Amino acid sequence: VAVAPRIALFGAFPDFPLIVLLAFCPAFTRVQAAIFGFFLAIGYGGTIGANLWQCVVSYSISGFVLAWINDNRVTPNVPVMFATGFFGTILARLLFMFVAAPPGIASYLGATILSALYNGVLVLPLYALLKRFLDPAFR
């Protein structure tokens, strides 16, 4: 988490706890993903001193919504996981924007799209690692 601002590309930086949530979502039910998002946000918000309840709302709802991949029996593969990372980041950041409005919405949305691309790419190696160890959960 502390390294993320140092590896920024064009003003966008990865959100590592969100990447972990997005990679695990296809292996969880909706309730499990919401609970995982809740505890992930508690840990993330507690360590960086962020707006804790906004992180919790954003991550919990995002995990719940994105776990429908598992419920709809969509087979996770590279394009699906990239889309999960991309759209999941957009969903989480938009939810965060609505509960804690940033001062510059246009720049926030631009950074959200770049971060979504960044997270979509970074979720793929984690997905490959999880698929190797949790293969039955990804079916």
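These legends describe close-up views of a predicted model. Local features require pLDDT of at least 70 and side-chain atom pairs pLDDT 80 or more, while totals for chains, interfaces and linings use all residues. Residues are numbered from 1 along each chain as its sequence is written, and side-chain values use heavy atoms, without hydrogens and water.

**View A. Packing of helix α2 (residues 30–48) against helix α3 (residues 52–66).** The two axes (lines fitted to C-alpha atoms over the stretch in contact) come within 7 Å and cross at roughly 155 degrees. α2 and α3 are therefore roughly antiparallel (angles over 145 degrees, on a scale from 0 to 180). Residues of α2 including F38, L40, A41 and I42 meet residues of α3, among them C55, V56 and Y59; contact means heavy atoms within 4.5 Å. By class, this contact has 13 nonpolar, 5 polar and 1 charged residues, with Gly counted as polar, and Tyr and Cys as nonpolar.

**View B. Surroundings of T84 in helix α5 (residues 78–99).** T84 has a relative accessible area of 4% and is therefore buried (under 20%, 1.4 Å probe, protein chains only). Apart from neighbours within four places in sequence, T84 is in contact with L22, L66, I69 and T89.

**View C. The aromatic pair F82 and F86.** The rings (centres within 6.5 Å) lie 6.3 Å apart centre to centre, with 15 degrees between the planes, and are stacked (planes under 30 degrees apart). F82 and F86 are 4 residues apart in helix α5, so about one helical turn separates them. F86 is buried at 17% relative accessibility, whereas F82, at 28%, is partly exposed (20% to 50%).

Methods: Helix = DSSP H or I, 4+ residues; strand = E, 2+ residues; numbered from the N terminus. Parallel < 35°, antiparallel > 145°, perpendicular 65-115°, else oblique. Phe/Tyr/Trp six-rings, centres within 6.5 Å; stacked < 30°, edge-to-face > 60°.
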